[in-house]
Amino acid sequence: MTDFTIWLESSALGVWTRESPSIWAYPTVLTLHTVGLGVLVGANCVIDFRLLGFAPRLPIPSLAPLYRFMWAGFVVNAITGAMLFVSNATTKARQPIFYVKLLLIAVALLVTAVIRRTLARELSPGGIDPTPAPARRLAALSLALWTGAIAAGRLMAYL
Amino acid sequence: MDAFVVWLEATRLSRGIVGSAWIWPLCEILHFVGLSLVIGIAGFFDLRLMGFMKRVPVAAARELMPLAIVGFLINLTTGATFFVGKPDQYVNNVAWWAKMGFLLLAGLNAMFFETTVGARTIDLGAGADTPRAAKIVGALSLISWLGVLYWGRMLPFIGNAF
């Protein structure tokens, strides 16, 4: 494992991300990771809070385009996250909190997909329906998981 | 300004913030949660103002805005905590002033919307296009919040680092 992470760190991408003095290297990768977080978690917040009963006049089917924003945010963060990992792979691979973060993201994505399928099944197009109870519970779970993923990500700088 | 920084750093509150092992990380976590609320909720409303996602009634999108305000208040509180803790790394940091500038722009833009264009935009239903002024306000809002995020992230890189 350590051989592999050392190889990652010494790769051209790892060295560039970590050591380039350019503002386009580490600072920009980190900024894009934060923008992606805001878009991915933010779009989730819109749908989750709506499912929890906020803004009842907001038709749930009209929120469908937000899933495209989530995908965009996720792709940006998968790429920038991989770059950040490669730049400091040995340290990060030894941090238990890093695996907690990955697990929380994986489960959060799964919950997001289940919410989407639940809504597609239970909602008539264009209707303003009373929110199905399973969707409400999933929305609360989704918010908790994304908050946990953010917390774990921040704590990587401390633990 | 230097005298203010010296005074603030000597306060018991400032020392308490810096001396604690958990206050700073906790505030960072909350700052990122607040960021997600502002970018997500306000960004959603901004996109509708700009004419995207027309199936969303404008007034309904606005009903979520209190959550963006909650996010903003979380970040105002946690941001103030950072500032009180280590004022010198902010007042002498060009990125922080740029961040405050974009924050001011976001605030003025929102005030402009509320006092002018808002009235003839807010009742627009599903499918309705927004007036050009509302599109500009939406775009400006999105740009200013992303500017706040950008300069916040640049605090350790462009200014004098942490």
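This is a short conversation about how two chains and two helices meet in a predicted model.

Colleague: Happy to look at this with you! What should I know about the model and its numbering?

Modeller: The model is predicted, so local features need pLDDT of at least 70 and side-chain atom pairs count only at pLDDT 80 or more, while totals for chains, interfaces and linings use all residues. Residues are numbered from 1 along each chain as its sequence is written, and chains are lettered from A and ligands numbered from 1 in the order in which they are written.

Colleague: What makes residues of chain A and chain B count as in contact, and how many are there?

Modeller: Two residues are in contact if their C-beta atoms, placed from the backbone, lie within 7 Å. By that test, 28 residues of chain A touch 30 residues of chain B. On the chain A side, the elements giving two or more residues are helix H3 (26-51) and helix H7 (133-155). H3(A) gives the most, with 14 residues.

Colleague: How do you know what counts as a helix here?

Modeller: Helices are DSSP runs of H or I with at least four residues, strands are runs of E with at least two, and both are numbered from the N terminus. Chain A has seven helices and zero strands, and chain B has eight helices and zero strands.

Colleague: Why is H3(A) called roughly antiparallel to H7(A)?

Modeller: Their axes come within 9 Å and cross at roughly 155°. Axes are lines fitted to C-alpha atoms, for helices over the stretch in contact, and angles run from 0 to 180 degrees between N-to-C directions. Angles over 145 degrees count as roughly antiparallel, so the pair H3(A) and H7(A) earns that name.

Colleague: Which residues meet there, and what makes some of them nonpolar?

Modeller: From H3(A), the residues include A:Leu37, A:Val41 and A:Asn44, and from H7(A) they include A:Ala139, A:Leu143 and A:Trp146. Ala, Val, Leu, Ile, Met, Phe, Trp, Tyr, Cys and Pro count as nonpolar, Asp, Glu, Lys and Arg as charged, and the others, Gly among them, as polar. On that scheme, the contact of H3(A) with H7(A) has eight nonpolar, two polar and two charged residues.

Colleague: What makes a residue buried, and what share of each chain is?

Modeller: A residue is buried if 20 or more other C-beta atoms, placed from the backbone, lie within 10 Å of its own. That describes 38% of the 159 residues of chain A, and 38% of the 162 residues of chain B.

Notes
Parallel < 35°, antiparallel > 145°, perpendicular 65-115°, else oblique. Buried ≥ 20, exposed ≤ 12 C-beta atoms within 10 Å, placed from the backbone.
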